[in-house]
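Open the model in your viewer and keep the sequence panel beside it. The stops below say what to select and what is found there.

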Amino acid sequence: MLFSPFCNALLAKEDNAENSKQSKQEMETTLVNFVYYLCIAMCCCCGNLVHAIELPKYTVVLSESDFQIRLFSESSWMLARVSGTSFEQCYRSGFHRFYQYIHGANSKSTKIEYTAPVLTSVPSSSPGGDYTVRMYVSVGYEGKPPLPNPGLKLQIEKWEMQCIAVRKFSGYAKDDNINKEVEALVTSLNKHFNGSSATIQYTNSYTIAQYNASLHNTTNRLNEVWIKVSGLRTEC
């Protein structure tokens with residue numbers, strides 16, 4: 001009984017230490033998130049991300065009022081595979097791994113410049129399945145960027161020259177609006193290429209390209225639907 005006050009004081013000290021540790025971890029998490037959004041917001045200065053960072057190279061081979069056909073050059077992408085049922089959640093999960101990679105979780109422990117867009121391939125056959133989130137790799141690395149740390153489970157993927165149909169849309173890309181944009185693009189392509197030799201490769205998945213940070217204003221946001229097409233010209 002003589003030691004009860006001492007024991008109680010010791011337990012209280014341990015509880016305070018544990019609470020302090022949890023508070024510190026929460027503060028560190030908040031700080032990381034703040035720095036992340038601040039960095040991207042700086043890249044989006046003046047409302048247009050494309051003027052600030054590197055994009056994959058392409059040539060517009062067909063331009064209509066509601067879509068384009070772009071011939072993309074060979075390129076390299078870092079990809080993250082994510083299982084889930086929500087486009088938004090899978091995008092955030094994949095991008096979080098990219099964020100760690102470009103902030104030093106790589107073989108050279110170096111920071112890597114932001115690029116755009118971030119692509120999310122959405123399975124078209126069912127609401128659930130394997131999503132693939134991709135980050136464009138700068139041509140400066142010549143297809144050989146620093147390797148990601150193994151725990152991130154990222155892979156490097158190389159694309160050959162290919163033709164992609166693109167439809168732009170503004171606002172935020174969300175689970176409840178991307179299907180409408182995809183259907184609009186498919187309708188436009190079917191109408192335009194009816195009777196031609198062009199093939200719309202929409203069977204397995206479609207891709208949503210996002211160019212802006214989450215904190216960027218709604219009005220000037222740029223998103224795109226990408227669907228691969230073939231049979232338009234020899235390069236495709």
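Start by selecting Y58, F72 and W226, which form one aromatic cluster. Rings of Phe, Tyr and Trp (its six-membered ring) are paired here if their centres lie within 6.5 Å; planes under 30 degrees apart count as stacked, over 60 as edge-to-face and the rest as tilted. Now add R70: its charged end sits over the ring of Y58, 4.5 Å from the ring centre. For that label, NZ of Lys or CZ of Arg must be within 6 Å of the ring centre and within 35 degrees of the ring normal.

Before going further, note that this is a predicted model, in which local features need pLDDT of at least 70 and side-chain atom pairs count only at pLDDT 80 or more, while totals for chains, interfaces and linings use all residues. Residues are numbered from 1 along each chain as its sequence is written, and side-chain values use heavy atoms, with hydrogens and water left out.

**The whole chain**

Colour by secondary structure. The protein chain has 3 helices and 10 strands, in the order α-β-β-β-α-β-β-β-β-α-β-β-β from the N terminus on. Helices (H or I, at least four residues) and strands (E, at least two) are DSSP runs, numbered from the N terminus. Of the 236 residues in the protein chain, buried ones make up 40%. Buried means under 20% relative accessible area, exposed over 50%, and partly exposed in between (1.4 Å probe, protein chains only).

**Strand β7 and its partners**

Select residues 162-169, strand β7. In this strand 7 of the 8 residues are buried, so β7 is largely enclosed by the rest of the structure. Which strands pair with β7? One is β2 (residues 68-72), antiparallel to β7 over 5 bridges; another is β10 (residues 223-230), also antiparallel, over 7 bridges. Two strands are called paired if DSSP finds at least two bridges between them. To check the register, show Q68, which stands opposite V166 in β7, and then R167, which stands opposite V225 in β10.

**A stop in β3**

Select S75, which lies in strand β3 (residues 75-84). S75 counts as buried, at 11% relative accessibility. Draw a C-alpha to C-alpha distance from S75 to P56: the two are 7.0 Å apart in space and 19 residues apart in sequence.

**A stacked pair in α2**

By the ring rule, the count comes to 6 aromatic pairs. In one of them, Y91 and F95, the ring centres are 6.0 Å apart and the planes at 25°, so the pair is stacked. Both residues lie in helix α2 (residues 87-102), 4 residues apart, about one turn of the helix. Are they buried or exposed? Y91 is buried, with a relative accessible area of 12%, and F95 is buried too, at 9%.

**Pockets**

Pockets and cavities are found on a 1 Å grid over the protein atoms alone: a cavity is a set of points where a 1.4 Å probe fits but cannot get out, a pocket is an open set with protein on both sides within 12 Å along at least five of seven lines, and lining residues have an atom within 4 Å of a point. Grid points are joined across faces, edges and corners, and a volume is the space filled by probe spheres set on the points.

The largest pocket has a volume of about 410 Å³. Select S121, S205, Y206, T207 and K228, the closest to its centre of the 20 lining residues. β4 (118-123), β5 (129-137), β7, β9 (205-210) and β10 each give two or more residues to this lining, with the largest share, 4 residues, coming from β4. The lining divides into 8 nonpolar, 8 polar and 4 charged residues. Ala, Val, Leu, Ile, Met, Phe, Trp, Tyr, Cys and Pro count as nonpolar, Asp, Glu, Lys and Arg as charged, and the others, Gly among them, as polar.

Return to Y91 for the second largest pocket, of about 210 Å³. Its lining has 12 residues, and Y91, R92, Y172, A173 and S214 lie nearest its centre. α2 gives the most to this lining, with 4 residues.

**A cavity**

Last, select Y101, I112, E113, T115, M135, Y136, V137, S138, Y141 and P145, which line the second largest cavity. About 50 Å³ of space lies inside this cavity, and β5 gives the most to its lining, with 3 residues. By class, the lining has 7 nonpolar, 2 polar and 1 charged residues.
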